[in-house]
Amino acid sequence: MHDTAVEAVKFIDLTWMNIAFLFTVGFIGGLVSGFIGSGGAFVLTPGMMSLGVPAAVAVASNMCHKFPKAMVGAYKRYKYGQVDIKLGLVMAASATVGVQAGIKIQEMILTRWGEAGSNLYVSVSFVAVLLIVGGYVFYDAWTAKGDGSADPVGALAKKLQGINLPPMIHFKTANVRISLWFTIPVGFATGMLAATIAVGGFIGVPGMIYVVGVGGLMSSATELVIAFLMGLGGTVKWAMHGMVDIRLTLIILAGSLLGVQLGAIGTTYVKEHMIKVVMGTIMVIVAVSRALAVPEYLVQLKVISVTPQVLSILSIVSFLTMCFALGVGAVIILGAMIKGKRAAEQAAYGTAPARVSSESYEHV
Amino acid sequence: MAARSEEKRKKLVLKTMLYGTITAILYAAVFSHADMITPYFAQGGYYAALPIATVFIFSFAHGAFAHNLWSTLGIEAVTKPATARSRTTVPRPAERPRPRLRVNA
């Protein structure tokens with residue numbers, strides 16, 4: 001198996017342009033991940049593939065950078081009191097089952113409808129989930145009060161927390177008591193989405209906010225724990241097949257470790273609803289991007305006919321829209337950070353906000 | 001007070017330089033032998049431990065460098081007074097009466 005894997009893997013030649021591209025996307029992806037708990041993978045994987053990296057190597061190398069990045073982000077945000085480890089572990093356990101289910105569905109579709117069918121399924125899942133969930137998050141974010149008050153718990157979460165269905169779990173840090181049976185579907189869906197579109201956080205974070213009833217800041221921070229555990233499991237699997245290109249992983253990691261810490265610091269400067277603003281905005285733009293990719297797969301399945309030139313333009317526009325989504329997310333985060341930092345400095349003349357001692361987490 | 005903060009800043013710069021140097025050495029070590037290391041790490045099976053161990057080592061060195069770098073640049077977290085969320089957790093049901101050893105007959 002090992003020899004076959006080595007023969008099958010073609011490692012690309014690295015140019016300064018490739019390195020700069022991977023480092024930059026790694027940095028921006030890290031910034032977004034540190035802030036909303038996930039992101040970056042949806043640009044990095046197709047980005048690497050556009051450089052000529054085989055799909056499996058792109059997925060594996062991306063995953064191999066994702067788990068240490070999530071580990072550093074989770075550690076940093078744990079220091080800020082934003083991580084509920086117990087919730088992360090419970091979610092990760094059910095997400096692992098979800099990943100297996102997602103892989104089985106993918107295999108079934110691949111056997112029945114081939115690669116184009118599988119790609120169509122991935123794109124339609126992307127568009128459907130991101131439009132419905134992302135649209136709601138976006139709507140909720142823009143109608144929320146931006147006055148710094150804590151986000152109120154949604155009606156669904158309130159209702160579910162009121163149902164006494166054993167076993168009941170108390171998540172101490174998040175201050176939520178809910179039945180295990182309501183956290184399992186959220187974790188399962190997170191894993192399934194992770195196996196399908198590689199960004200489980202697009203379900204995990206809104207799920208924790210609207211179903212479990214955890215605040216935006218804590219949900220996004222806890223998502224990093226889930227991403228670390230799932231990413232580590234996935235990396236072991238891919239690395240055992242010899243698919244990790246360590247050069248690509250380390251270049252992306254170089255950017256993302258800088259970004260993820262900046263994003264994590266950023267969460268301490270902004271109001272809680274900013275998590276929803278960034279997440280909703282990115283999700284809606286990514287949905288548009290994936291919608292632009294759908295015609296290509298419909299042509300491959302001979303459902304519609306479109307000229308190759310149009311398909312080529314759609315493909316380029318789709319990728320650029322995805323980069324745009326990540327860029328917009330980063331701009332909103334940096335803008336909110338600068339605004340928050342100024343406000344904190346102004347407040348320093350009155351009641352000074354205490355800086356978290358750098359000594360307390362000096363090793364990461 | 002100013003001298004103390006200056007001393008702290010100096011310490012921070014030194015730490016940034018130290019972790020930066022370690023990170024640079026690690027990156028130089030891998031990329032100067034990339035042609036040999038890349039296929040070696042991609043042999044699958046037990047060799048999977050190599051890329052995983054590598055990213056852990058890089059994360060500690062580069063992570064510490066990144067943390068100190070942002071601190072040196074004055075970008076540090078601020079602690080805000082926690083905004084209380086409206087209480088949503090349902091109060092635990094009252095404790096059930098403990099079984100008695102004696103029966104009131």
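## Chain A at a glance

Chain A exposes about 14,900 Å², and carbon and sulfur atoms supply 69% of that surface. Please keep in mind as you read that this is a predicted model. Of the 364 residues in chain A, 55% are buried.

The secondary structure of chain A comes to 12 helices and 2 strands. If you walk from the N terminus, the elements come in the order α-α-α-α-α-α-β-β-α-α-α-α-α-α. As for contacts in chain A with a separation of 6 or more, 79% of them are between residues 24 or more positions apart.

## Chain B at a glance

Chain B has 105 residues, and buried residues make up 37% of them. Its secondary structure consists of 3 helices and 0 strands, which gives the pattern α-α-α along the sequence.

The accessible surface of chain B is about 7,500 Å², with 66% belonging to carbon and sulfur atoms. Taking the contacts in chain B between residues at least 6 apart in sequence, 76% join residues at least 24 apart.

## The largest pocket

Now for the open space in the model. The largest pocket has a volume of about 1,700 Å³. Its lining is made by 47 residues, and those nearest its centre are Thr45(A), Val59(A), Gln106(A), Ala195(A) and Thr196(A).

Which helices of chain A each supply at least two residues of this lining? They are helix 3 (41–50), helix 4, helix 5 (85–143), helix 7, helix 9, helix 11 and helix 12. Helix 5 of chain A gives the most to the lining of the largest pocket, namely 13 residues.

## The enclosed cavity

The model also holds 1 cavity of 30 Å³ or more. The volume of the largest cavity is about 160 Å³. It is lined by 18 residues, and Gly37(A), Ser38(A), Gly39(A), Lys66(A) and Ala227(A) lie nearest its centre.

Helix 4, helix 7 (180–197) and helix 9 (216–240) of chain A are the elements that give two or more residues to the lining of the largest cavity. Helix 9 of chain A provides the largest share, with 4 residues. These three helices are also among those that each supply at least two residues to the lining of the largest pocket.

## Ile109(A) within helix 5

Helix 5 of chain A deserves a second visit, and Ile109(A) is found in it. Is Ile109(A) buried or exposed? With a relative accessible area of 11%, Ile109(A) is buried, because the cut-off for buried is under 20%.

Setting aside neighbours within four places in sequence, Ile109(A) is in contact with Gly114(A), Gly117(A), Ser118(A) and Tyr121(A). Ile109(A) and Tyr121(A) are 12 residues apart along the chain, and their C-alpha atoms are separated by 7.9 Å.

## A nonpolar patch on the surface

On the outside, Tyr78(A), Ile85(A), Leu89(A) and Leu229(A) make a nonpolar surface patch of about 360 Å². Tyr78(A) belongs to helix 4 (residues 55–79) of chain A.

Why can Tyr78(A) be part of such a patch? Its relative accessible area is 46%, so Tyr78(A) passes the patch requirement of over 30%. At that value Tyr78(A) counts as partly exposed.

## Backbone details to look at

Three places in the backbone of chain A are worth a look in your viewer. Pro166(A) and Pro167(A) are joined by a cis peptide bond, with omega at about 0°. Pro167(A) sits in the loop between helix 6 (155–161) and strand 1 (168–171) of chain A.

Asn175(A) has a positive phi near 55°, although this residue is not a glycine. You will find Asn175(A) in the loop between strand 1 and strand 2 (176–179) of chain A, and at 41% relative accessibility it is partly exposed. Lys302(A) likewise has a positive phi, about 60°, without being a glycine. Lys302(A) lies in the loop between helix 11 (273–300) and helix 12 (308–347) of chain A. The relative accessible area of Lys302(A) is 75%, so Lys302(A) counts as exposed, for which the cut-off is over 50%.

Key:
Residues are numbered from 1 along each chain as its sequence is written. Chains are lettered from A and ligands numbered from 1 in the order in which they are written. This is a predicted model: local features need pLDDT of at least 70, side-chain atom pairs count only at pLDDT 80 or more; totals for chains, interfaces and linings use all residues. Side-chain values use heavy atoms; hydrogens and water are left out. Buried means under 20% relative accessible area, exposed over 50%, partly exposed in between (1.4 Å probe, protein chains only). Contact means heavy atoms within 4.5 Å. Accessible areas come from the Shrake-Rupley method with a 1.4 Å probe; for residues, only the protein chains shown count as cover. Patches are made of residues with over 30% relative accessible area and no salt bridge: like charges are joined within 9 Å, nonpolar side chains (Val, Leu, Ile, Met, Phe, Trp, Tyr) within 5 Å. A salt bridge is a side-chain nitrogen of Lys or Arg within 4 Å of a carboxyl oxygen of Asp or Glu. On a 1 Å grid over the protein atoms alone, a cavity is a set of points where a 1.4 Å probe fits but cannot get out, and a pocket is an open set with protein on both sides within 12 Å along at least five of seven lines; lining residues have an atom within 4 Å of a point. Grid points are joined across faces, edges and corners, and a volume is the space filled by probe spheres set on the points.
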